[in-house]
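Here are a few exercises on the empty spaces in a protein and on what can sit in them. Try each task yourself before you read the solution.

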Amino acid sequence: MIRFSTAGESHGEALVALISGLPAGVPVDLDFVNRELWRRQQGYGRGGRMKIETDKVHVLSGVRHGKTIGSPIAIEIVNRDWKNWEEKLPVEAGDPAKHQAVASPRPGHADLAGALKYDFKDARYVLERASARESTSRVAAGGFAKLMLRELGIEVLSHVIRVGRVEMQRAATWEEIATLSAKNEVVLGCVDAETEERMKGEVEEASRTGDTVNGVFEVVAHNVPAGLGTYANWDERLDGLLAWSVMSLQAVKAVEIGRGVTAAESFGSQVHDPIHYATDGSTKPTRFTRPHNNAGGIEGGVSNGEDLIVRGYLKPISTLRRPLESVRFDTREATSASYERSDICVVPAAGVAAEAMVALTVADVAQRKFGGDSMVEMKRNFEGYIEQIRRF
Ligand code: EPS
């Protein structure tokens, strides 16, 4: 079982993650993990914080001589902004006069619910942990999961299919998504230049009016073999596991597998992917083919050999420069919601964070199926199974 947990405050000293269950012998390419962190920081409409941070992973344990050793991997990502917060957010009592209160909760953020729950008299501590900065730790952890999956030939990437009112009108190919992800400049993460330009217009409008705007990202897991997850038990269904993991990301309010949403308004004949059989001597593990992939690569909670397609629907960021109505925590007077600084649009970055969650989930179900304490053992089991379904 691959498990991970994260800790860290947005303006604390560092963000950390602990990952366990990865087999020994996974080659660890830290430049790759750092590039994932860089990708999460990009996008048109990110705020001032991203100019302060250059997120880099620091490995404390579980990796030696460039490979995992099967022990828990502990990692840290330093917050460069900490130097501006050391006195405002000290570990020890410090000077209460320097405390920077978040005096009025932001509608849509965890501020009010968190303050009520933990009995905080302002929302500072809520913001510190509820912030999407936490997704940095997930992206680093997901980078390790991707390194394991790479050994099995599985890749996970994302792209943006909607920002505000602008939607991509066609499907993207895997090659387009891979080319986009290799670029050293990220605008809004859309494979179609003309659509991306119109998406930029949505962000510019939000920027002009002191508002925020988000949209929909699509994560694609490529080369996933048939047979991951199971219908046998409700809590092992792959669609359920993916929905949970992506839904747990900040600002994600709905998750769709394949064409899940429009399937609900269509006839069965328009939705289900017919089954064909390739007679052309294809070398793929299974020669059962589909003319399209509306199921998003999952039927009955089990991967069917097509690409996994998971979409995340993001609410707009709840910190608005033109704040919404709120109430002061101390006096209960009507006022505007607190504003320090914020992003205007984060869809491409959220897509990268969702890639990490999908990679961790797929790595976990792969580890459950193929087992193995070392990569050699896991690969042997994996290849044996691939041969089995090839001969099916
Ligand atoms: C984020 C860092 C944060 C916010 C954002 C995500 O930095 P700061 O609060 O210092 O500006 O930009 O967090 C939120 C959207 C939020 O509501 O808290 C990051 O690293 O992604």
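**Exercise 1. Which residues lie nearest the centre of the second largest pocket, and how many residues line it?**

Step 1. Start with the term: on a 1 Å grid over the protein atoms alone, a pocket is an open set of points with protein on both sides within 12 Å along at least five of seven lines, and a lining residue has an atom within 4 Å of a point.

Step 2. Now look at the centre: His-109, Ser-131, Ala-132, Arg-133 and Thr-319 lie nearest to it, out of 47 lining residues. This is a predicted model, where local features need pLDDT of at least 70 and side-chain atom pairs count only at pLDDT 80 or more, while totals for chains, interfaces and linings use all residues. Residues are numbered from 1 along each chain as its sequence is written, and side-chain values use heavy atoms, with hydrogens and water left out.

Step 3. Add the volume, which is the space filled by probe spheres set on the grid points, joined across faces, edges and corners. For the second largest pocket this comes to about 1,000 Å³.

Step 4. Sort the lining by class, with Ala, Val, Leu, Ile, Met, Phe, Trp, Tyr, Cys and Pro as nonpolar, Asp, Glu, Lys and Arg as charged, and the others, Gly among them, as polar. You should find 20 nonpolar, 15 polar and 12 charged residues.

**Exercise 2. Which element gives the most to the lining of the second largest pocket?**

Step 1. Helices (H or I, at least four residues) and strands (E, at least two) are DSSP runs, numbered from the N terminus.

Step 2. At least two lining residues come from each of helix H2 (49-52), helix H4 (124-130), strand S10 (252-257) and helix H11 (347-370). H11 gives the most, with three residues.

**Exercise 3. Find the space taken by the ligand and describe its surroundings.**

Step 1. The ligand takes up the second largest pocket; to sit there, more than half of its atoms must lie within 2 Å of the pocket's grid points.

Step 2. Around the ligand are 13 residues, the closest being His-11, Arg-40, Arg-49, His-109 and Arg-341; a residue counts if one of its heavy atoms lies within 4 Å. This shell has three nonpolar, four polar and six charged residues.

Step 3. Look for polar contacts (pairs of N or O atoms within 3.5 Å). Ligand oxygen atoms lie 2.8 Å from an N or O atom in the side chain of His-109 and 3.1 Å from one in the side chain of Ser-131. For Arg-133, a polar side-chain atom is 3.0 Å from a ligand oxygen.

Step 4. Taken alone, the ligand exposes 470 Å², and the protein buries 94% of that; such areas come from the Shrake-Rupley method with a 1.4 Å probe.

**Exercise 4. What is the volume of the largest pocket, and which helix gives the most to its lining?**

Step 1. The largest pocket has a volume of about 1,300 Å³. Val-220, Asn-293, Glu-306, Asp-307 and Ile-309 are the closest to its centre among 49 lining residues.

Step 2. Helix H12 gives the most to this lining, with five residues.

**Exercise 5. How many cavities of 30 Å³ or more does the structure hold?**

Step 1. A cavity is a set of grid points where a 1.4 Å probe fits but cannot get out.

Step 2. There are two of 30 Å³ or more. The largest holds about 40 Å³, and its lining includes Tyr-277, Phe-288 and Phe-392.

Methods:
Polar contact = N/O pair within 3.5 Å; in protein donor to acceptor, adjacent residues only side chain to side chain.
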